[in-house]
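Let's walk through this model together, starting from one spot inside and working outward. Keep the structure open and turn it as you read.

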Amino acid sequence: LAMIDYNKNAIFSSVRLLGSVLPRVMPQAIVSCVIAYVLLRFAAKQEPGELFSEDGYVLYEFMTHPYVHQVSMVSIGLVVAFRINIAYNRFWEGATAVMSMQMKWTSALLHICAFDGRPMNATVVPPALWPVSAAGTRAADSSDGEKDRLAFRDNVAHLFSLLHAVAVLEIKECWETSCLCEEAPEQPYPFSTTLSAMFPVCQRLADRVTPRAHRLRVEVLGGVHAQELAPLEKIRDHAWVEIISLRIVRVLTDRIRAGGLDMPPPITARIFQEISDGVLACTNAQKIAQVPFPYALFELMRYIKWYFICSVPVAIVSFTHSVVVAVTFSFLSSLLLVALNEVAEELEDPFGEDANDLPLLDEHQRFNEIIHEMVLQERLMIDQQGTPENMAHQERVKRSLKKRQLTRSSSVLESAAALARGH
């Protein structure tokens, strides 16, 4: 499921049901309308001890001055702003952790593709001596280790895709290996999803009808073998990311011992550092997912919300005795503040399945596309290395760079001569 894509300059961009919290808070705002209407009806009764107003209404003493209610309203507004600030910080920190995790693992695979060389026992054949294929291009002979090199990179790309997939499942706290698949189907938003986003009752019914494992389908490049799922099945609630990252480190270590990744150790160590940094970013995202908003604050905010809903009609009735005005402003005041509190409740848990949560599945699909294109471009570079077109292009690039260097040298000399003439 993806976040809502909208155009803020569109006229009707703010009029939609999916992602809006207003339908969920309207029933609570109606309570304020009822309280305001009841207060005005009771204020019209004449009883001993009541204070008469100029327009004929009879007001109780607690309704004659709004000072007490204004103090409480200001305090409640500050508390709600404090909670929204905390919720948005959690949301933004979660987005930063996910993006950092994706970037670190992409960088690690990039370095692997760049640093990986031929095995030590391979016969190095110049591109000019590669056999010519039926298409007229020179392809690398499998005897020089190029086939093994490409197979290694395909395997590493598969492992990184699997690593990111299990990281997404861990962040979403889903421990079903059936969620891992070779090709994830499209999941558009049906109308039932819109109802679930509007009303919590519909969400609970949808969770019972459709299991979560059927809704979360995470694609892995090359699919997942039963032997890969066996260690994950044994550990059902933790350490999936650590298991796959350990497997990647072992594969890279074996590759180094076989003569691949033939770079100096300080440079090769950067690959392992990037993998470790990605695991750390994943752990930071899990921290947000597993450590909820403190219950004491959650409970207090619920009481404050209902106190505001019940007290704001009293403050509004102290200013006006019109039923229409009092009911309207009570509804709008309660609707907006309760909606802000509802937005904070959604933002404080950024890894759920609501329309306003972070699109982890879309980010995983994007990660798969990046590493797929990375490996594919590496294959194209190898296949086209000895072609006449590529050699001609390299010659054009060399001439262009040489011309640019001569032009810059001439401009520098002219500037120095002009400066000398000025002095």
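S334 is buried, with a relative accessible area of 0% (buried means under 20% relative accessible area, exposed over 50% and partly exposed in between, with a 1.4 Å probe and protein chains only). You'll find S334 in helix α11; helices here are DSSP runs of H or I with at least four residues, strands are runs of E with at least two, and both are numbered from the N terminus. Leaving out residues up to four places away in sequence, S334 touches A29, S32, F308, I309 and V312, where contact means heavy atoms within 4.5 Å. Take F308 from that list: S334 and F308 sit 26 residues apart in sequence, and their C-alpha atoms are 7.3 Å apart in space.

A word on the ground rules. This is a predicted model, in which local features need pLDDT of at least 70 and side-chain atom pairs count only at pLDDT 80 or more, while totals for chains, interfaces and linings use all residues. Residues are numbered from 1 along each chain as its sequence is written, and side-chain values use heavy atoms, with hydrogens and water left out.

Now zoom out. The protein chain has 13 helices and four strands, and buried residues make up 40% of its 423 residues. Look at the contacts with a separation of 6 or more, and 80% of them join residues 24 or more positions apart.

What about the nonpolar interior? A nonpolar core here is a set of buried Ala, Val, Leu, Ile, Met, Phe, Trp, Tyr and Cys residues joined through side-chain atoms within 4.5 Å. The largest one has 60 residues, and W105, F160, L180, L252 and F351 have the most contacts inside it. At least two residues of this core come from each of α2 (67-115), α3 (146-171), α7 (226-234), α8, α9, α11 (323-347) and α12 (360-383). Helix α3 supplies the largest share, 13 residues. There's also a second, separate core of 15 residues, with M73, M301, I316 and V317 among them.

Go back to W105 and see who surrounds this residue. Not counting residues up to four places away in sequence, W105 touches F160, L163, H164, A167, V241, E274, I275, G278, V279, C282 and F367. Further along, H111 lies in helix α2 and counts as buried at 12% relative accessibility. With the same sequence neighbours set aside (up to four places away), H111 touches D116, R270, I271 and E274.

Next, follow the pair α8 and α9. Two packed helices are described by the angle between their axes and the distance between the axes. Helix α8 (residues 240-257) and helix α9 (residues 265-290) pack at about 175 degrees, with their axes 11 Å apart; axes are lines fitted to C-alpha atoms, for helices over the stretch in contact, and angles run from 0 to 180 degrees between N-to-C directions. The two are therefore roughly antiparallel to each other (angles over 145 degrees count that way, under 35 as roughly parallel, 65 to 115 as roughly perpendicular and the rest as oblique). On the α8 side the contact is made by V241, E242, S245, I248, V249, L252, T253 and I256, and on the α9 side by T268, I271, F272, I275, V279, C282 and Q286.

I248 is a good residue to click on here. It is placed in helix α8 and is buried at 1% relative accessibility. I248 touches L159, F160, L163 and I275, residues up to four places away in sequence not counted. The C-alpha atoms of I248 and I275 are 9.0 Å apart, with their positions 27 residues apart along the chain.The loops hold a couple of backbone oddities. Most residues other than glycine have a negative phi, and most peptide bonds are trans. L261, in the loop between α8 and α9, has a positive phi of about 50 degrees although it is not a glycine. E173, in the loop between α3 and β3 (180-181), also isn't a glycine and has a positive phi of about 55 degrees. Are these two buried or exposed? L261 is buried, with a relative accessible area of 3%, whereas E173 is partly exposed at 39%.

Last stop, the cysteines. The structure holds zero disulfides, a disulfide being a pair of cysteine sulfur atoms within 2.5 Å. For C174, the closest cysteine sulfur is in C179, 3.6 Å away and too far for a bond. C174 is buried at 4% relative accessibility, and C33 is buried with a relative accessible area of 12%.
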